[in-house]
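Welcome to this short tour. Open your viewer, keep the selection tool at hand, and follow along one stop at a time.

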Amino acid sequence: MAQCPPCECPQGVPLWLGTYGDMVTLILTFFILLLSMATFDTQRIAQAIGSIEGSLAVLEKGSLSEINPPNPIKGTPIETDIEMENVVNIFASLITDYNEINRISNGPSVELEEAEKGIVIRIPEDLLFESGSATLSNASGISFVRRIAYELTKLSPNVLIKAVGHTDNVPIRPNLFFADNFELSVARGVNVADLIIKEGVATERVMGGGEGEYSPIANNDIPSQRAKNRRVDLFVYSIGEDLSGLMENLGQGS
């Protein structure tokens with residue numbers, strides 16, 4: 001039997017295979033090094049998984065569907081809007097009924113305006129005070145303020161009220177009680193606030209003050225319009241609103 005010629009193949013691993021093995025080992029070492037330096041944020045991983053599942057329509061239990069969720073929007077709760085809407089309806093109905101009675105007796109009318117942060121109830125001077133006085137003396141006006149206080153006691157404690165007195169620009173005669181229009185307006189606002197408190201509204205919900213002649217709503221140069229500036233404004237608003245704007249010009253609190 002003929003014998004095979006001796007094999008001339010090189011002994012051991014081929015050179016190219018050794019080089020390839022070294023390269024794979026280096027790549028593996030490189031990735032292990034990267035892995036050792038990596039940090040994992042479990043929250044972001046869960047959000048990323050939720051995003052993938054959401055895109056495949058398999059989102060469950062309200063998982064987040066975004067890797068970077070938006071910042072929460074802060075704003076006035078819906079309950080506050082509903083609450084103030086109810087306040088407007090309540091006092092609009094009350095003022096309508098009161099003005100109907102005054103119309104029959106040719107008395108002055110109460111006005112209601114919607115303000116940026118609530119409502120304003122404008123009560124003419126004649127419904128509350130004698131000229132130059134801060135003493136509540138008109139029975140009809142006093143009854144009206146008491147009815148407002150009664151409605152406030154039924155509303156949420158978040159609904160506050162501020163009574164602000166106003167005058168025209170005609171100087172008053174200095175006396176033992178008031179040196180000028182500003183002092184008169186403050187006393188009027190405080191006295192109305194005190195009446196509301198006496199009717200059962202919590203003290204912390206009521207404020208009183210005045211602005212004198214410095215916030216007119218009509219032309220003081222026209223006598224027929226000047227009387228509109230002699231008034232007490234009742235601001236009714238929710239504590240959930242930003243009240244800084246309403247408080248800036250308050251002359252004095254009760």
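Is R231 buried or exposed? Select R231: this residue is buried, with a relative accessible area of 4%. Here, buried means under 20% relative accessible area, exposed means over 50%, and partly exposed lies in between, using a 1.4 Å probe and protein chains only.

Before moving on, please note that this is a predicted model, in which local features need pLDDT of at least 70, side-chain atom pairs count only at pLDDT 80 or more, and totals for chains, interfaces and linings use all residues. Residues are numbered from 1 along each chain as its sequence is written, and side-chain values use heavy atoms, with hydrogens and water left out.

**Stop 1: around R231**

R231 lies in strand β5. Helices (H or I, at least four residues) and strands (E, at least two) are DSSP runs, numbered from the N terminus. Show the neighbours of R231: leaving aside residues up to four places away in sequence, its contacts (heavy atoms within 4.5 Å) include R122, E125, H166 and S215. Now look for polar contacts, which are pairs of N or O atoms within 3.5 Å; within protein, one must be able to donate a hydrogen and the other to accept it, and residues adjacent in sequence count only if both atoms are side-chain atoms. A polar atom of the R231 side chain lies 2.8 Å from the backbone oxygen of S215, and the side chain also reaches the backbone oxygen of N229 at 3.2 Å.

**Stop 2: charged pairs**

Side chains of opposite charge can pair when their charged atoms come close. A salt bridge is a side-chain nitrogen of Lys or Arg within 4 Å of a carboxyl oxygen of Asp or Glu, and the structure holds ten of them. Select R122 and D233, whose side chains form one at 2.6 Å, N to O. R122 is in strand β2 (residues 118–124) and D233 is in strand β5, so this pair ties together parts that are 111 residues apart in sequence. Both R122 and D233 are buried. Add E113 and R231 to the selection, and you have a network of salt bridges linking E113, R122, R231 and D233.

Next, pick R188 and E125, another salt bridge, at 2.8 Å, N to O. R188 belongs to helix α5 and E125 to the loop between β2 and α4, so the pair joins parts 63 residues apart in sequence.

**Stop 3: helix α5**

Select residues 181–198 to see all of α5. Its 18 residues should span 26 Å at 1.5 Å a residue, and its end C-alpha atoms are indeed 26 Å apart; the expected span is 1.5 Å times one less than the number of residues. Its buried residues include L184, V190 and I196, and their cover includes α4 (139–154), β3 (159–166), β4 (206–210) and β5 (231–238). At the N-terminal end sits the cap, D180, with a side-chain oxygen 3.2 Å from the backbone nitrogen of F182. After α5 comes G200, whose phi is positive, near 110°.

**Stop 4: helix α4**

Move to α4 and select R147 and E151, which meet in a salt bridge at 3.2 Å, N to O. Being four residues apart in the helix, R147 and E151 are separated by about one helical turn. R147 is partly exposed at 41% relative accessible area, while E151 is buried at 8%.

**Last stop: the whole chain**

Finally, zoom out: the protein chain has seven helices and five strands. Of its 254 residues, 32% count as buried.
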